[in-house]
Amino acid sequence: MSSIGTGYDLSVTTFSPDGRVFQIEYAAKAVDNSGTVIGIKCKDGIVLGVEKLISSKMMLAGSNRRIHSVHRHSGLAVAGLAADGRQIVARAKSEATNYEKTYGEPIPVKELADRVASYVHLCTLYWWLRPFGCGVILGGYDRDGPQLYMVEPSGISYRYFGAAMGKGRQAAKTEIEKLKLSEMTCREGVIEVAKIIYGVHDEAKDKAFELELSWVCDESNRQHQKVPDDLLNEAITAAKAALEEMDAD
Amino acid sequence: MELQRSMVDGSVCMKDSAKSEISSERTLYPYVTGTSIIGMKYKDGVILASDTAGSYGSTLRYKSVERIKQVGDHTLIGASGEISDFQEIMRYLDELILYDKMWDDGNSLGPKEVHNYLNRIMYNRRNKFNPLWNSLVLGGVKKGQKYLGTVNMIGTHYEDDHLATGFGNHLARPILRSEWREDLTFEEAVKLIEKCLLVLLYRDRSSINKFQIAKITDEGTTIFPPYALKTFWGFSHFQNPSKGAAGTW
């Protein structure tokens, strides 16, 4: 599917003869080349996980956050160009606080996803703007329960039980489909996400990575926060053990 | 139309400045007001107390106004003066705390920082001749350090071991100056505060017999439900008040 756009791929405001906008597809490639990002919807909440590829040993652990809180009840995990992601997060935060200021209640996750998708789409409509080179997985918990949305650089947004973007998304999606999400609590979900990310990480191509996990669930009081350190360590240990089992086979 | 940069996330938006050119958009006098707040440090933390009255001029119109509120994990704020301006201040502070929480970096704003932020707001509003018509007491504990400060509508601010606003300055502070100690237990502190509240009840006409006490320690915040104090009106001078009066009235 490597078609060269020759001529029709110079601007995001040009369609190709077969109805494709190549600039948007190229933007999606930026997402496909980034570290894996996973989101799953469990029985009592959402778990987001990111395979944060470490480019240099000098980087301090815990810096360059890829998962951001957008409001008390929701979080955004970014795949692709990190700087583009920051812009989307800033916009989402602003939309969320604006909604609460006007309507007096926290923004429903569906509404937030709509607004983020509209904003991403906006940047695909003008020749003097370039599309965002990042996709976003948005998880939140409002009065309709936990919800998971994924927004792609084209501005498409769908609601999911489980979503993955980035390098290892095909393998991750296969793993997620095997899970019985509707019976799983977030505590168990955290372990599973860690196992999947460790599983799809390509040891040969990329050396080191840091696992970033966050959740919104009943246990966290419906607030979006980093997974507590003890659970994070438990998840990493379980994931490493599962890897060794796989290697031993 | 002018561009305005948000202080919180640096985003830029258009703002119509026509409104601020018309001089009718200013605070001239307060409408619904709260009376004194008393605050003091004690052994484990800080206590704030107030009554729950909202006066409309000389009418005691609202009898269940909560004038002490929690701000983030480490601070309590009590307000006297215009109640609607207090609600606006709470909106600013809640927004500040929300943005601080979204960093999710293990740190949170303490009472000193919140007090400083509030100072800036109050002083800048007064310089525009559009003050928030309040006197506020801020108390809190962070990492074992107790803090108690005050700020008012002209931007004057200071810290002390015990503070009060309005009538409290004249009636409660003298009692506190002679009877306050560094190592008061919670029970002793409540007794001392109740002594001050009783004097205010007898002598301040804008106060009612419905009080709220709030405490904050390193463990957390508690705002107690409102309750009433026992008063004594059986003084001999109150019996048969017109006894010595020649003539009528």
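## Chain B overall

In chain B, 62% of the contacts with a separation of 6 or more join residues 24 or more positions apart. This is a predicted model. Chain B holds five helices and 15 strands. Of its 249 residues, 43% are buried.

## B:His74, a loop residue

B:His74 sits in the loop between strand S8 (68-71) and strand S9 (75-82) of chain B. Is B:His74 buried or exposed? The cut-off for buried is under 20% relative accessible area. B:His74 has a relative accessible area of 16%, so this residue counts as buried.

Leaving aside residues up to four places away in sequence, B:His74 touches B:Ser108, B:Leu109, B:Gly110 and B:Pro111 among others. Its contacts also include B:Gly139, B:Gly140, B:Val141, B:Lys142 and B:Ile216. With B:Ser108 there is a polar contact, side chain to side chain, at 2.9 Å.

## The interface of chain B and chain A

The size of an interface is often given as the accessible area lost when the parts come together. Here, chain B and chain A bury about 960 Å² between them. Carbon and sulfur atoms account for 53% of that area. In chain B, the residues that lose the most area to chain A are B:Leu98, B:Met102 and B:Asp104. Together they make up 57% of what that side buries. Twelve residues of chain A and nine residues of chain B take part in the contact.

How many salt bridges cross the interface of chain B and chain A? There are two. A:Lys101 forms a salt bridge with B:Glu95, and their closest N and O atoms are 3.3 Å apart. Four residue pairs are in polar contact across the interface, with both residues at pLDDT 80 or more. On the side of chain B that touches chain A, five residues are charged, four are nonpolar and none is polar.

## The start of chain A

An unreviewed UniProt entry annotates residues 8-30 of chain A as "domain: Proteasome alpha-type subunits". Over residues 8-30, chain A is 39% helix and 0% strand. The end C-alpha atoms of this stretch lie 19 Å apart.

Helix H1 of chain A spans residues 22-32. Which residues of helix H1 are buried? They are A:Phe22, A:Ile24, A:Ala27 and A:Val31. An α-helix has 3.6 residues a turn, so residues three or four places apart point the same way. The buried residues of H1(A) pack against three strands of chain A: S4 (74-80), S5 (134-142) and S8 (162-165).

Methods:
Residues numbered from 1 in each chain as written. Chains lettered and ligands numbered in written order. Predicted model: local features only at pLDDT ≥ 70, side-chain atom pairs only at ≥ 80, totals over all residues. Heavy atoms only, no water. Contact = heavy atoms within 4.5 Å. Buried area = accessible area lost by both parts, 1.4 Å probe. Salt bridge = Lys/Arg side-chain N within 4 Å of Asp/Glu carboxyl O. Polar contact = N/O pair within 3.5 Å; in protein donor to acceptor, adjacent residues only side chain to side chain. Nonpolar A, V, L, I, M, F, W, Y, C, P; charged D, E, K, R; others polar. UniProt positions renumbered as here; feature names shortened; annotations may be inferred. Helix = DSSP H or I, 4+ residues; strand = E, 2+ residues; numbered from the N terminus. Buried < 20%, exposed > 50% of the residue type's maximum accessible area, 1.4 Å probe, protein only.
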